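Here are a few short exercises on charged side chains and the places they occupy. Have the model open beside you, try each task, and then follow the solution.

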Amino acid sequence: MPKLTQQEKDRLGPLIPPFGRNTTKPVDRKIVEDGEREKIEFEHLIYSGHENGNPHQFTTISIDEVEILRQKGGKWGEKSFLWVIDEETIKIIKEKNTNTLRSHKPEFVCHTNLTGNGHAFIGGEIYFCEDGRKFINFFSDRYGNPSKEQWEAAKSYFEKVGYTPLIDILEFLTS
């Protein structure tokens, strides 16, 4: 897999801690709770997204379900895969994974389970459609809210790795 170049890191950067760009949650709610720091329990399910490969537990949404994704505002936990771009590459995991260590929503993992509560450049969700399209967003309260340049850099890296055709969910929702 093509690792991030220094130029890509510069465009994506800086690396941020969880909630590093979150401007919507009050400070006292920017807490990584029980079970949200653990990575080792999920290491075997974390996929380093290389060469347009399919992540572990790969599932797709049907062409009919694309409209449901639109109706849900581009966010559908039961069908999504979480992703982050860390200091090396893209990491992906199916969001609907039992996390018995998590104090709330134990039926899901979160972005900090991908990083072990570490730093990342950016994170979001990706949906794989049966027709080959990949729908992507930056909906992560921990690693989201990028600048326009950071978002464009993230999409460019996904495409470089081979995740095409790549559809920006925010553009899709307004089309």
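**Exercise 1.** Find how far apart in sequence the parts are that the salt bridge of E125 and K75 ties together.

*Solution.* Start with the contact: in this predicted model, a salt bridge joins the side chains of E125 and K75 at 2.5 Å, N to O. Next, place the partners: E125 belongs to strand β4 (residues 122-128), while K75 sits in the loop between α2 (63-71) and β2 (81-85), so the parts tied together are 50 residues apart in sequence. Finally, check accessibility: E125, at 1% relative accessible area, is buried, whereas K75, at 43%, is partly exposed.

**Exercise 2.** Work out which residues the salt bridges with shared partners join into one network.

*Solution.* Begin with R102 and E36, whose side chains form a salt bridge of 2.9 Å, N to O. R102 is in the loop between β3 (90-94) and α3 (111-115) and E36 in the loop between α1 (6-12) and β1 (47-48), so this pair links parts 66 residues apart in sequence. Both R102 and E36 are buried. Then take R142 and D141, which meet at 3.5 Å, N to O. R142 is buried at 6% relative accessible area; D141, at 30%, is partly exposed. Shared partners connect K25, E36, R102, D141 and R142 into one network.

**Exercise 3.** Describe the lining of the largest pocket.

*Solution.* First, the volume of the largest pocket is about 500 Å³. Its 23 lining residues include R102, H104, K105, D141 and R142, the closest to its centre. By class, the lining has seven nonpolar, four polar and twelve charged residues.

Notes
Residues are numbered from 1 along each chain as its sequence is written. This is a predicted model: local features need pLDDT of at least 70, side-chain atom pairs count only at pLDDT 80 or more; totals for chains, interfaces and linings use all residues. Side-chain values use heavy atoms; hydrogens and water are left out. On a 1 Å grid over the protein atoms alone, a cavity is a set of points where a 1.4 Å probe fits but cannot get out, and a pocket is an open set with protein on both sides within 12 Å along at least five of seven lines; lining residues have an atom within 4 Å of a point. Grid points are joined across faces, edges and corners, and a volume is the space filled by probe spheres set on the points. Ala, Val, Leu, Ile, Met, Phe, Trp, Tyr, Cys and Pro count as nonpolar, Asp, Glu, Lys and Arg as charged, and the others, Gly among them, as polar. A salt bridge is a side-chain nitrogen of Lys or Arg within 4 Å of a carboxyl oxygen of Asp or Glu. Helices (H or I, at least four residues) and strands (E, at least two) are DSSP runs, numbered from the N terminus. Buried means under 20% relative accessible area, exposed over 50%, partly exposed in between (1.4 Å probe, protein chains only).
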